[in-house]
Amino acid sequence: MGHEMFDFDAEFGDVVFDYCRERLSLDPVPLDYGGLIEIPPEKMAGLIRPEGRSPEAVLDFFRTTLAPSVVSIDSPGFLAFIPNAPTKNSLLFDMVVACSGLNGTSWLESSGVVIAENQALTFLADVAGMPSGSGGAFVSGGSIGNLSALTVARDVGRVKRPEFNPREVRFAVSEDAHSSVGKALHVLDVESLVVATDDHRFTRAALEAALEADPQRDNVIGVVATAGTTNAGIVDDLEGLGGFARENDLWFHVDGAYGAAALFSFTHRDLFEGIRHADSFIVDPHKWLFAPLDCCALIYRNPTVARKVLAQQASYLDVLHEGTDEHYDWNPSDFAIHLSRRARGLPFWFSLVSNGTAAYETAVQCAIDLAQRTEELIDECDYLEMVRPSSLSIVLFRRKGWSPERYLQWSHELLASQVAFVTPTKWEGETVGRMAFLHPNSTEEMVRAIIESLRG
Ligand SMILES: *Cc1c(COP(=O)(O)O)cnc(C)c1O
């Protein structure tokens, strides 16, 4: 005789399982329409009220009214921004996670979760060449990953440079660093030395030149490199920047949220060797490592230092830090700006273990190969041209003679026709077309249809 809300309605359970089964079996997952289909406010009015409604009816409302107004990020036709292409096993296991009452906060509550998540983190750290003992936690995304890592970097840098006012320490970043890095530095109230680059790639030479020219250079405490820019897929000079940081006792942070997944690529992994110098490194499994949202791997070279800076102290939490077991202290909550957390690394771990790492290599490679094939097709086409060579899995192209408005109109029409979701971007001030490949089931036929649609 519990509370009615906690009764299990097996019949409705089956309805939900059937819905999920249907979703999972869609091949390909359709794009749907996102913001192109408006939901009039009357449709939402009064839904939340004192008396409940039949869950079947609410699910049906979701299916028919809300779901079509979502561009499905896991559709192989989703080539905008950075897509998300979770494996079937990762989605299935996410359902297990949802139903398992897991709190991924601490060792005391869920050592079985922490062990598996840490296995996945250690695997990624090994692939990236970081030393044994590296570790951290899965956080919600690259933005929180960058913020957490740079918080640690800032505090460590302030201690190392007591001669400076703590507000004066700076990070060297490139103009092409992700917006979340700028936002993190804003939150941290730390200035940056913005380094101008040649062709948008941050190199050791550019860093040295910028430092040389800056009389305040001694207050630079760290370097932020991007392993695959979001707009263009450019990998910074990780080896050069990392080497410089090591030689000069600067914190080296590598933002590989999107691109570092290409560590798994047969053709491009060499670009990432410099991550071995990183003090902190992030990669988003919810981008190109085929896990569901929201999942970023945040890895520190020296997790103890990160814990000192970020672990939350409160009397009710003391019990989490008073173990005897040598791993007892591994609380994922200690390594980022968060406390309660879902076990968001587990769907990735499950997919990695069940599919095997070789499948990750071939799947990552598919996107790079298709980007290169797309470049060939664009080169053959008289009304299109490449803006710059494809990098990793990103293609920037120009439709000769088109205005920004024309690109936008085309993008909406392409989505309305359900061929693909491709959005324009800006490159050196100019509006251009951009395709970001990621899903291994995106095809050359799809690209041909997109190219055809650009005839206009
Ligand atoms: C996507 C991205 C981020 C932000 O990651 P979120 O998971 O969206 O918060 C940071 N850096 C780079 C390079 C990215 O591509």
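**Exercise 1. Fold inventory and overall size**

Task: State how many helices and strands the protein has, then judge its compactness.

Solution.
Step 1. Count the elements. There are 14 helices and eleven strands. Both are DSSP runs numbered from the N terminus: helices are H or I with at least four residues, strands are E with at least two.
Step 2. Compare the radius of gyration with the globule rule. The radius is 24 Å, and the rule gives 23 Å for 456 residues, so the protein is as compact as a globular protein of that length. The radius is taken over C-alpha atoms, and the rule is 2.2 Å times the number of residues to the power 0.38.
Step 3. Add the box. Along the principal axes, the C-alpha atoms fill roughly 70 × 65 × 45 Å.

Note the basis. This is a predicted model, with residues numbered from 1 along each chain as its sequence is written; local features need pLDDT of at least 70, and side-chain atom pairs count only at pLDDT 80 or more. Totals for chains, interfaces and linings use all residues, while side-chain values use heavy atoms and leave out hydrogens and water.

**Exercise 2. Surface and contacts**

Task: Find what share of the residues is buried, and what share of the contacts joins residues 24 or more positions apart.

Solution.
Step 1. Burial. Of the 456 residues, 53% count as buried. Buried means under 20% relative accessible area, exposed over 50%, and partly exposed in between (1.4 Å probe, protein chains only).
Step 2. Surface. The accessible surface is about 20,800 Å², and carbon and sulfur atoms hold 54% of it. Areas come from the Shrake-Rupley method with a 1.4 Å probe; for residues, only the protein chains shown count as cover.
Step 3. Contact range. Take contacts with a separation of 6 or more: residues 24 or more positions apart account for 73% of them. A contact means heavy atoms within 4.5 Å.

**Exercise 3. The ligand shell**

Task: Describe the residues around the ligand and the polar side-chain atoms that approach its oxygen atoms.

Solution.
Step 1. List the shell. It has 14 residues, and Gly142, Thr230, Asp255, Asp284 and Lys287 come nearest. Near means that a heavy atom lies within 4 Å.
Step 2. Sort by type. The shell divides into two nonpolar, nine polar and three charged residues. Here Ala, Val, Leu, Ile, Met, Phe, Trp, Tyr, Cys and Pro count as nonpolar, Asp, Glu, Lys and Arg as charged, and the others, Gly among them, as polar.
Step 3. Find the main contributor. Helix α6 (residues 142–160) gives the most, with three residues.
Step 4. Check the distances. Ser143 has a polar side-chain atom 2.7 Å from a ligand oxygen. Thr230 has one at 2.7 Å from a ligand oxygen. For Asp284 the value is also 2.7 Å, again to an oxygen of the ligand.
Step 5. Add coverage. The protein covers 86% of the 380 Å² of accessible area that the ligand has on its own.

**Exercise 4. Buried or exposed?**

Task: Classify Glu117, Glu405, Ser390 and Ser391.

Solution.
Step 1. Glu117 sits in helix α5 (residues 107–127). Its relative accessibility is 2%, so it counts as buried. Beyond four places in sequence, its contacts include Phe138, Pro332 and Arg341.
Step 2. Glu405 lies in helix α13 (residues 404–416). Glu405 is exposed, at 56%.
Step 3. Ser390 is in the loop between β8 and β9. At 15%, Ser390 is buried. Not counting residues up to four places away, Ser390 touches Ala371, Gln372, Glu375 and Val395.
Step 4. Ser391 is in the loop between β8 (384–386) and β9 (394–399). At 14%, Ser391 is buried. Leaving aside neighbours within four places, Ser391 contacts Ala232, Gly233, Ile234 and Tyr258.

**Exercise 5. Backbone checks**

Task: Locate the cis peptide bond at Pro28 and the positive phi of Phe290.

Solution.
Step 1. Recall the background. Most residues other than glycine have a negative phi, and most peptide bonds are trans.
Step 2. Asp27 and Pro28 are joined by a cis bond, with omega about 0 degrees. Pro28 is in the loop between α1 (10–25) and α2 (41–44).
Step 3. Leu293 and Asp294 are also joined by a cis bond, with omega about 0 degrees. Asp294 is in the loop between β6 (280–283) and β7 (296–300).
Step 4. Phe290 is not a glycine, yet its phi is about 65 degrees. Phe290 is in the loop between β6 and β7, and is buried at 3%.

Technical notes
A polar contact is a pair of N or O atoms within 3.5 Å; within protein, one must be able to donate a hydrogen and the other to accept it, and residues adjacent in sequence count only if both atoms are side-chain atoms.
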